[in-house]
Amino acid sequence: MTSSFVLSIVTFVYFGAMCLYWAGWVFHKPVLSRSATLVAVVGVAGNLAGFGLRWWESHQMGMGHIPLTNMYESLVFFAMVTMAVSLVLERQYRIRALGAVVAPFAFLAMAYASLKDADQVPLVPALQSNWLTAHVFTAFLGYAGFAAATGLAVMYLLKKSGPDSGIGRSLPEAPVLDQLMYQNILLGFLFLTVGIITGAVWANSAWGRYWSWDPKETWSLITWLIYAALIHLRLVRGWMGKRTAIFAIVGFAAVLFTWFGVNYLSGLHSYAS
Amino acid sequence: MTKNQQPVGPLGRLMGFFASVKLSIALLLTLAATSIVGTVIPQGKTAEFYQQNYSAAFQRFLEAVNLTDMYHSWWFQALLVLLAVNLMVCSVKRLPSTWKLVRARPAGFHQGRFSSLKDKEEFETQAPVNDLAPLVEKTLGRRFGKVKATPVDQGFGYWAERGRWTRLGPYVIHLGFLLTLAGGVLGSLYGFTGYVNLPEGETTERVSLRDSKDLQPLPFTLRCDRFSVQFYDNGMPKEYTSTLTVLEGGSPAFTQDIEVNHPLRHKGINVFQSSYGSDTSAVLEFAHAETGMIYEKEAASRRMMELPEGEGRFMVVEFDPSFSHQGMDLGPVFHLHVFPKEGPPFQMSVFAARPELNRMRTAGPFHVSAKSWKQTYYTGLQVTKDPGVGMVYTGFILIIAGCFVTFFLFHGQVFVLVSGGKKKTRVSVAGVANKNQQGFGIRVHRLAEILSGQAADLEKRKTGREPR
Ligand code: HEM
């Protein structure tokens, strides 16, 4: 069995988990929610297995690098960490519905990965650095934190717009969601910070410049600035609730642009030169 | 927060402006928004690039607001300076009160503060106060650090705290951020980024600067002894290696291999493996069409050479390892520019593998053919000096450490009041934290549970029966 086969099954498992989470949420059926959790656990286990298998395959092919080096691999890793974070929060805070808003991220990441090139290629010299591993690892942990925060922000807004509606009823109280969202932002922010910094250290060891304002770097800084503003708004200006929830969603749009959108920008560069 | 202090006078108002968090938030968001522009409009390209891609009016606009190199423009740098000033003024204003709080003598149990706390956990026991009190002190000390005990009416008040120093977290982050900025400035003032293509066997004492194309002298001489590339089976490059020798005062000081990610560092200068290429030099034979005289010349690429007998000059402009013409592979070819003594310059090709084709054209009076040629590699080195890196890295470490402390640690205080009469002892526990009240609440709750368990044990031992 190849890793890409395992991972394409995981995509369907996440899809199943997502549907079950939704059904459990909307119809208030704990049985459905519980089975959603179970399916999601299976998905994460499969995801981890696929990740490990791919690493092993890379060794078999004589390259032996941790699968964190291209778009496909980053999507796989993101899906795994995001779903895992969601499951941990679900267990700790007993929020069944969380999976309903976070599982779509995991599923979409895996579905998008399946469109990407899954071939294993050896690493060009610049990528052969432990700093690269640390960089991608931490940056995507950060993205996972932000994804969970975004899910919680959406839940917060739903709860606020209809606390007793069919959808809002099974959600935790708004202040709990608000606090959890904020804690995930802090987690995401810490790891994004470490991710940017390890990226800078890597660039300095490979090219002698820790910062060169290339679009990807700049967009990660933009994301960092947005979340830094959010943290100050909350800690110093006392922002809470709806405003921070909307801010968190805007921040995640910046995350997504840093991850995907920038490729279209640098496309302009390569066409120009 | 000292929000209610009205600033006095123009200086005070200015300080108030710079100390405001509203300003910092506005600056953070402005920097984020303006940074987007530089990712949409390609930066630092040639004038032709902008001519080709943008209308004349838009180009003038780009020029006017420095959008072709915006991250180094005066206004972007001014925003950064403003942010730094903001941060400094703000910290200078706030640090003294935080510092006083952190350095203050431990507060101890205070009845008034204790009474004002919400969410107290309470239980009653028959264990006598004097037996229970030392147990409480011990448990509290084990879980929360140093305990202060204060005798109160009919009992004892205990107080313990943890993580008071974590209130300095934001200052550490901000200091780290300032150091990073300062290191960046230091690097851009006293550092440089240059590059040099160094053929095997050659030396250099200077490099071309990246931004200005000026030459930058190095404090030593650099020689490339050897360059090599290793490939994977599929033909992708696996590693580039240059063997470099540093010469001081003309004699070799040391030799080192460098690879991508493993630079040479010497006297504050870093030498990075950045690219490579090859040059071809040829031994060309010039045969005079009439006299039959034969001359040999060793020609390197792109270097002006004299034709024999003072007939003019020539240059090998390009070597093409496999030249094809109308679908036919004509093998390796040297393309020459010829500048004859008389008449206009022209181009000609010298076919290394097909000498018969060389008879179609002459350079001045000479038929040219290639006797032999060899390819030499050159290594492309990026050479940098950045005296700010140490400061930037220190800033990085402070930012990460400060974020961790600020986000996940907190200053918590626990109060326990043990009091009672002959029959009953009341224990009440409360906690207060500057952040993460919820998480701290859980710990306080756990403390209360443990204490109540201990009290029950004690009661059992004293009375010999299970507590109700
Ligand atoms: C790494 C991200 C940052 C974090 C986590 C952070 C965190 C904080 C925190 C927790 C406070 C509140 C301090 C308190 O309660 O005493 C604060 C205040 C402040 N921060 Fe940051 N900060 C960061 C970056 C920045 C940056 C880049 C600036 C840029 C200027 C900045 C400017 C300020 C200012 C001016 C205050 C003062 C607030 C006041 O005087 O009331 N911070 N920051």
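**Exercise 1.** What percentage of the 468 residues of chain B count as buried? Describe also the overall form of chain B in this predicted model.

*Solution.* Begin with burial, taking as buried a residue under 20% relative accessible area: of the 468 residues of chain B, 43% meet this criterion. Next take the secondary structure, which for chain B comes to ten helices and 20 strands. The radius of gyration of chain B is 39 Å, whereas the globule rule gives 23 Å for 468 residues, a value that is well exceeded, so chain B is more spread out than a compact globule. The C-alpha trace of chain B, followed along its principal axes, spans about 135 × 60 × 50 Å. Finally, among contacts in chain B with a separation of 6 or more, 56% join residues 24 or more positions apart.

**Exercise 2.** Characterise the interface of chain B and chain A by its area, its polar pairing and the elements of chain B that take part.

*Solution.* Start from the area: about 4500 Å² is buried between the two chains, and carbon and sulfur atoms give 70% of this. Thr39(B), Asn261(B) and Phe407(B) supply 14% of the area that chain B buries against chain A, which is more than any other three residues. Then count the pairs: there are zero salt bridges between chain B and chain A, while eight residue pairs are in polar contact across the interface, both partners being at pLDDT 80 or more. Several elements of chain B, including α8 (169–190) and β10 (269–288), each supply at least two residues of the side that touches chain A, and the largest share, eleven residues, comes from α2(B). By class, that side of chain B has 31 nonpolar, 17 polar and seven charged residues.

How values were computed: Residues are numbered from 1 along each chain as its sequence is written. Chains are lettered from A and ligands numbered from 1 in the order in which they are written. This is a predicted model: local features need pLDDT of at least 70, side-chain atom pairs count only at pLDDT 80 or more; totals for chains, interfaces and linings use all residues. Side-chain values use heavy atoms; hydrogens and water are left out. Buried area is the accessible area (1.4 Å probe) that two parts lose on being put together, summed over both. A salt bridge is a side-chain nitrogen of Lys or Arg within 4 Å of a carboxyl oxygen of Asp or Glu. A polar contact is a pair of N or O atoms within 3.5 Å; within protein, one must be able to donate a hydrogen and the other to accept it, and residues adjacent in sequence count only if both atoms are side-chain atoms. Helices (H or I, at least four residues) and strands (E, at least two) are DSSP runs, numbered from the N terminus. Ala, Val, Leu, Ile, Met, Phe, Trp, Tyr, Cys and Pro count as nonpolar, Asp, Glu, Lys and Arg as charged, and the others, Gly among them, as polar. The radius of gyration is taken over C-alpha atoms; the globule rule is 2.2 Å times the number of residues to the power 0.38. Buried means under 20% relative accessible area, exposed over 50%, partly exposed in between (1.4 Å probe, protein chains only). Contact means heavy atoms within 4.5 Å.
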